[in-house]
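User: I'm new to this structure and I'd like to know how its labels are earned. Can you walk me through the reasoning?

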Amino acid sequence: MNEEIEGPSRDEVWKMFNQISPTYDFVNRIFTFGLDQLWRKKVCAFLPLKEEMLILDCATGTGDQMIALMEKRPDIANVTGIDLAEAMLEIGKGKIKKKPYANKISFEVASALQIPYPDNHFDCLTISFGIRNVTDIMAAFKEFRRVLKPGGRILILEGTIPVNKWLRAGHLFYLRHFLPKIGGIISKNFKAYRYLNKTIETFPQGEKFAGKMRAAGFIHVRPNLLLGGVTTVYQGEKDAHVCC
């Protein structure tokens, strides 16, 4: 349980996300009861207080996290979202087209393992419900740390399993039975939502995941549990005295 090796393969998972992109947002709202939007807004509470920030949102999908960032912090200078699933990005572009901050958001097809930006470039990096889909966590952390400015912050929002035994039992039942069925029926892709369920269950979480962040060189790392641990915001920083 909670070991990366026990989870499903992440190879070319972006192709799966392209396939479910037309219904992706709708299914998210259904199976989280709209809480996915609230959790993304909660990420904003952990942003640095710095104004005119440059932010990178990895595995941005349809751009919901970038929208939450801009609506909560209009003082942000620019948010760039990267993802390999082009169909998801196209939906995101449509969503922000008429937003008053549209000129502050940009999308690019790129991998979190090969971020096409220079060292020490961003003030903050976010990734929501995406880190469990990367093929190599430590390689991704290396890239995240590289593109962050010294003292820059990383915020990772991810689905987790509550520690409380009653919450845990209820949540696991929901993930194993409700999520694959409703997601599969709406998207007509049962395999995709079985994958999503399995990755949440098998992914390292809590202090175990925080330990990986520390091993990658991030400091001031701490997991912040939301809704009893159904999701977690992991916060860390790049040492202000380290240039790359």
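User: Which residues do ring pairs link into a cluster?

Analyst: Keep in mind that this is a predicted model. The cluster that ring pairs hold together consists of F141, F144, F203, F209, F218 and Y234. Across the structure, there are 10 aromatic pairs.

User: What makes F141 and F209 an edge-to-face pair?

Analyst: Two values decide it. Their ring centres are 5.7 Å apart, and the cut-off for a pair is within 6.5 Å. Their planes meet at 65°, and over 60 degrees counts as edge-to-face. So F141 and F209 form a pair, and an edge-to-face one.

User: Why is it said that this pair ties parts together?

Analyst: Because F141 sits in helix α5 (residues 137-147) while F209 sits in helix α8 (residues 207-215), the pair ties together parts 68 residues apart in sequence.

User: How do you know whether F141 and F209 are buried or exposed?

Analyst: Buried means under 20% relative accessible area. F141 comes in at 0%, and F209 has 0% as well, so both get the label buried.

User: And why are Y174 and F178 called stacked?

Analyst: Their ring centres lie 4.8 Å apart with the planes at 20°. Since planes under 30 degrees apart count as stacked, that's the label they get. Y174 and F178 are four residues apart in helix α6 (residues 165-187), so about one helical turn separates them.

User: How exposed is F178?

Analyst: F178 has a relative accessible area of 33%. That value falls between the 20% limit for buried and the 50% limit for exposed, so F178 is partly exposed. F178 also belongs to a nonpolar surface patch with F26 and I30, where the accessible area together is about 260 Å². F26 comes from helix α1 (residues 13-31).

User: Which residues have the most contacts inside the largest nonpolar core?

Analyst: That would be I131, F141 and F144, in a core of 28 residues. At least two core residues come from each of β1 (54-58), β4 (122-128), α5, β5 (148-159) and α8. The largest share is from α5, with five residues.

User: How many disulfides are there, and what decides that?

Analyst: The count is zero. For C58, the nearest cysteine sulfur is that of C124, 11 Å away. A disulfide needs two cysteine sulfur atoms within 2.5 Å, so C58 is in none. C124 has its closest cysteine sulfur in C44, at 9.6 Å, which is too far for a bond. As for the label buried, C58 gets it with a relative accessible area of 0%, and C124 gets it with 0% too.

User: What makes the phi of F33 worth pointing out?

Analyst: Most residues other than glycine have a negative phi. F33 isn't a glycine, yet its phi is positive, near 55°. F33 sits in the loop between α1 and α2 (35-43). Exposed means over 50% relative accessible area, and F33 has 65%, so F33 is exposed.

User: What about E52, where does it lie and what is its phi?

Analyst: E52 has a positive phi of about 55°, although it is not a glycine. E52 lies in the loop between α2 and β1. Its relative accessibility is 54%, and since exposed means over 50%, E52 counts as exposed.

Terms used:
Residues are numbered from 1 along each chain as its sequence is written. This is a predicted model: local features need pLDDT of at least 70, side-chain atom pairs count only at pLDDT 80 or more; totals for chains, interfaces and linings use all residues. Side-chain values use heavy atoms; hydrogens and water are left out. Buried means under 20% relative accessible area, exposed over 50%, partly exposed in between (1.4 Å probe, protein chains only). Patches are made of residues with over 30% relative accessible area and no salt bridge: like charges are joined within 9 Å, nonpolar side chains (Val, Leu, Ile, Met, Phe, Trp, Tyr) within 5 Å. Accessible areas come from the Shrake-Rupley method with a 1.4 Å probe; for residues, only the protein chains shown count as cover. A salt bridge is a side-chain nitrogen of Lys or Arg within 4 Å of a carboxyl oxygen of Asp or Glu. Rings of Phe, Tyr and Trp (its six-membered ring) pair if their centres lie within 6.5 Å; planes under 30 degrees apart count as stacked, over 60 as edge-to-face and the rest as tilted. A nonpolar core is a set of buried Ala, Val, Leu, Ile, Met, Phe, Trp, Tyr and Cys residues joined through side-chain atoms within 4.5 Å.
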